[in-house]
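Colleague: I would like a close look at a single part of this model. Please start with the helix that carries one of the residues of the nonpolar surface patch, then move on to whatever else can be described well.

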Amino acid sequence: MTSTTGSAGGLRAERVSRAVDGTPVLDGVSLAPRPGTVTGLLGPNGSGKSTLLRLLAGVLAPDSGVVTLDGEPLDRLGRRTVARRLAAVEQQADTQVDLTVLDVVRLGRVPHRRAWAPASAADETAVRSALDRTGLADKAHRAWRTLSGGERQRVQIARALAQEPRELLLDEPTNHLDIQHQLELLGLVSGLRTTAVVALHDLNLAAMYCDRLVVLAEGRVVARGTPEEVLTEELVAEVYGVRAEVTRPGSGEPVHIRFLGTLLPAAVDRQG
């Protein structure tokens, strides 16, 4: 497995821990995504993926450890400074305000504008580009409340793209999307050349679109590396309690995982 060490630039988490009501959620996790690559966060429900993304976004503060941006702790940087560099999309988003799709995507430009300043030509160009890239240009004037769950997710991706971030954090972005839009969305993210950290449940999608993977279990990193290094039958059994067959086609093709069934509790215990 590869080391967490790298350049001090970009977004980094160094031995971050976080507890809720005295129960550890993350325990000494380090993450240093390589610039311009897609890092997939894997792990079962409750493993700490969403909490780690919120720490990276500065929404939560670690109980110990530090998150830095270009070597500077996030808590020393202003919110606007962070928002100009980093965009985050959480699993669920809602609003009580009657907004159109265009209104929501325009919110991505707020960090780039002075208070009360009108939108510039650059702002509108970024918004239109984000709508086009997410296939939402024809829905720009639709009311947010009339959209399906999958469409709302795509609008949140468009809002994040309108920020023109250098770092992009996505928490289960393929939830509510059909297979076609899952593939289109992750293909879009992987082609952005931004530094992306994406929490995923689908291991095959992670193998197809992520450059590197970090696997969490009970708040700790249990594996990291390329999909070929990380996605093994042993890891799937140990972390997910599932029997799987991992095919390695070679020639640059991603590994493929076929799930064969759950392991009996005794078998899971023996894996540990």
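Modeller: The model is predicted. Ile179 is located in helix α6. With a relative accessible area of 64%, Ile179 is exposed, because exposed means over 50%. Together with Leu183 and Met208, Ile179 makes a nonpolar surface patch of about 290 Å².

Helix α6 (179–190) also takes part in covering another helix, α5: the elements that cover the buried residues of α5 include α6, along with β6 (86–89), α3 (101–106), α4 (121–133) and β7 (167–171). Of the 14 residues in α5, 12 are buried, and the helix is thus mostly covered. Among the buried ones are Gly150, Glu151, Gln153 and Arg154, and the run from Val155 to Ala162 is buried as well. The length of α5 (residues 149–162) can be checked: at 1.5 Å a residue its 14 residues should span 20 Å, and the end C-alpha atoms are 20 Å apart, which agrees. Just after α5, Glu164 has a positive phi of about 50 degrees.

Strand β11 (residues 242–247) gives another picture of cover. In a regular strand the side chains alternate between the two faces of the sheet. In β11, Val242, Ala244 and Val246 point to one face and are buried, whereas Arg243, Glu245 and Thr247 point to the other face and are not buried. The strand runs antiparallel to β12 (residues 256–262), and 6 bridges join the two. Within this pairing, Arg243 stands opposite Gly261 of β12.

Methods. Residues are numbered from 1 along each chain as its sequence is written. This is a predicted model: local features need pLDDT of at least 70, side-chain atom pairs count only at pLDDT 80 or more; totals for chains, interfaces and linings use all residues. Side-chain values use heavy atoms; hydrogens and water are left out. Helices (H or I, at least four residues) and strands (E, at least two) are DSSP runs, numbered from the N terminus. The expected span of a helix is 1.5 Å times one less than its number of residues. Buried means under 20% relative accessible area, exposed over 50%, partly exposed in between (1.4 Å probe, protein chains only). Contact means heavy atoms within 4.5 Å. Two strands pair if DSSP finds at least two bridges between them. Patches are made of residues with over 30% relative accessible area and no salt bridge: like charges are joined within 9 Å, nonpolar side chains (Val, Leu, Ile, Met, Phe, Trp, Tyr) within 5 Å. Accessible areas come from the Shrake-Rupley method with a 1.4 Å probe; for residues, only the protein chains shown count as cover. A salt bridge is a side-chain nitrogen of Lys or Arg within 4 Å of a carboxyl oxygen of Asp or Glu.
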